[in-house]
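Please open the model in your viewer and keep the selection tool at hand. The stops below move from one chain to the other, and each says what to select and what is there.

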Amino acid sequence: MHVLLADDHIIFRESLCALLEDEGFDVMGEAATGPEALRMAEAGHPDVAILDYNMPELDGISVARELQKSSPHTQTVLLTSEEDNASAVEALRAGMHGYVYKSQTAADLISTIREVARGAIHFNTHLAAGALNALNTGASSEPEPLTERERQVLILIAKGNTTRNIAKQLGLSAKTVESHRSRIMQKLHVHRAAELIRYAIRRQLITP
Amino acid sequence: MQQRILLADDHPMFRQGLKALLEREGFQVVAEASDGHEAVRLARQLNPTIAVLDIGMPLLNGIDAARQIMKQNVGIQVVLLTMYEEEAYVLEALRAGIRGYVLKAQAANDLLGAIREIQRGSVYLSPGISKTVVDAYVGKSELPVDPLTDRERQVLQLVAEGKTTKEVAEVLGLSAKTADSHRTRIMQKLEIHETAGLVRYAVRRGFIKA
C-alpha cells in the first residue's frame, strides 16, 4: 500500500516512516507543508495520505478537501494533538475517513490506515458518535461557545479573583457568579479550576 | 559497548517510531515512558546509558525528570528532544546540567549527532537555537537564581495540572500534610496567593503547556 506522510516536525515524520515501513507500507513521499503534501499527492496518487492538522501554509483538513477533487481515490487520515482542537465535523465534511490523536499508539494509527484503505471510516471513538450525529442532524458538535458574560467571568477567574471580587466587579450576586462558573466548566468539558486558567491562556484571553 | 536508551515522550506513536529509528542505528531501546515520573522510575530500574526526554510531559516535565535521573544514574547522558525552542527552556536545561538539546523540527540525524557529541563531552544544541542563548549562558550574568527547590517545582507542576493536595501527595509519595506545606511554601516564595496565579507561573516557566 502506498502512503504519503505530511508533518512539519521532521523527526516525527521520520519516526512514523520507520514504523510504517516496518509494517510493510510503502511510503511514497514525505511532505513538510500543506502545499508540498498537495503536490506530492496529486503527482503520486497514494492510497492513503496521513496529514498532520497543524502544518504551515495549509492545514491538513484543507489539503484533504483539495484532494477530494484532485486525487479522489486517495483516502485521507488526520493526525492531530489534543491541544490543536481540530474539528472532527470539519474533517468529515472535507471527506476525511480517519482521525487519530498523536497521543494514541502506533497500532491505532496503523489499523486506522488499513481500515480507511478498505473504505471504512475510522474516527477516534470518543469523537465518532458526536461527530457523526452532528453531521446527521446538521447541528454543531463543537463545544457551545461562551456568552459574553461567561467570557468576562472566565477572564476574572483566570486572573485570580475570588468569587466575591468578581461579583463586585460585575455587579452580580456571588451565587450568580458561582452558577456562571459551573456553566463555563460544563461547556468547556473541564472538571478542575486549573484547567480553566490553561484554557484562558490557550485562547489568549489572558497572558500567562 | 552497546548504548542502552530510555525514551520518554507523551505521544506513544512518536516514541514507538523513534524506537524503530534508533534500533535501525544500532541502539538498544530498553525503556519507554510517557511521563517524567515513569521515566525516573524506569531509569532507576533498568540502568540506561542514555536518556532521550521530551520536555512537555504530564506529572513531571523532562527537565525536572532529567535532574532526578542525573542524580540517581551516575554517568548517564541526557538529551532533551522537544518542540520548544524558546530561550527560557534552553537556559533552564543548561542550568540543570543537560548537555544535549534537540528540536523536533530537525531530522533524526540531529538527534544522532547530539548523542555522539555529548558522549564526547561536548554540549550539543540544534541549529535553530539562537546564538544569543549560548552567549547568555556563557555570560552567566543573565541567569536568575531559581526561587524553588526541586521538590517545590515538582509540587507546582502537579498543582498547576489541577491535582488536589491529596493527589499531589500520592504521586510524590508524601503525606498530605507535607504536600500541603510545600504548596504553602511555594505560594510564600513566589508571593502568589491563589491557584490561578500558580497556573500562570507554571505556564510561564514551561512546567506545563497552556
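Select chain A, bearing in mind that this is a predicted model: of the 208 residues in this chain, 38% are buried. With chain A still selected, turn the view along the principal axes, where the C-alpha trace spans about 65 × 35 × 30 Å. If you colour chain A by secondary structure, you should find ten helices and six strands. Should you display contacts in chain A between residues at least 6 apart in sequence, 59% of them join residues at least 24 apart.

Next, select the strands of chain A, which form an open sheet of six strands in the order S2-S1-S3-S4-S5-S6, with parallel pairing. At its edges are strand S2 (26-31) and strand S6 (122-123) of chain A, each of which pairs on one side only. Within this sheet, select strand S4 (residues 75-80) and strand S5 (residues 98-101) of chain A, two strands that run parallel and are joined by four bridges. To see one residue pair here, pick A:Leu78, whose bridge partner in S5(A) is A:Tyr99.

Now add the helices that lie across these strands. Helix H3 (residues 60-70) of chain A lies across strand S1 (2-6), strand S3 (48-52) and S4 of chain A, and runs at about 150 degrees to S3(A). Helix H5 (residues 106-117) of chain A, in turn, lies across S1, S3, S4, S5 and S6 of chain A, with a direction at about 175 degrees to S5(A).

For a single residue, select A:Leu38, which you will find in helix H2 (residues 34-44) of chain A. Why does A:Leu38 count as buried? It does so because 23 C-beta neighbours lie inside 10 Å of A:Leu38, where 20 or more are required. Leaving aside residues up to four places away in sequence, A:Leu38 touches A:Val63 and A:Glu66. A distance label drawn from A:Leu38 to A:Leu58, C-alpha to C-alpha, should read 9.4 Å, although the two are 20 residues apart in sequence.

Move on to chain B and show its border with chain A, where 31 residues of chain B are in contact with 30 residues of chain A. On the chain B side, helix H1 (12-24), helix H5 (108-119) and helix H10 (195-205) each supply at least two residues, and H1(B) gives the most, with nine residues. Coloured by class, this side of chain B shows 16 nonpolar, seven polar and eight charged residues.

Stay with H10(B) and select B:Thr195, B:Ala196, B:Leu198, B:Val199, B:Arg200, B:Ala202 and B:Arg205, which are buried. What covers these buried residues includes elements from both chains, namely helix H7 (148-158) and helix H10 (193-202) of chain A together with helix H7 (150-160) of chain B. Just after H10(B), look at B:Gly206, which takes a positive phi of about 85 degrees.

Finally, colour chain B by its domain assignment, which gives domain 1 (4-139) and domain 2 (150-205). The C-alpha centres of these two domains of chain B lie 25 Å apart, and their contact takes seven residues from domain 1 and seven residues from domain 2. On the side of domain 1 of chain B that touches domain 2, the residues divide into three nonpolar, two polar and two charged.

Terms used
Residues numbered from 1 in each chain as written. Chains lettered and ligands numbered in written order. Predicted model: local features only at pLDDT ≥ 70, side-chain atom pairs only at ≥ 80, totals over all residues. Domains from an automatic or database assignment. Contact = placed C-beta atoms within 7 Å. Nonpolar A, V, L, I, M, F, W, Y, C, P; charged D, E, K, R; others polar. Buried ≥ 20, exposed ≤ 12 C-beta atoms within 10 Å, placed from the backbone. Pairing = 2+ DSSP bridges. Axes fitted to C-alpha atoms, helices over the stretch in contact; angles between N-to-C directions.
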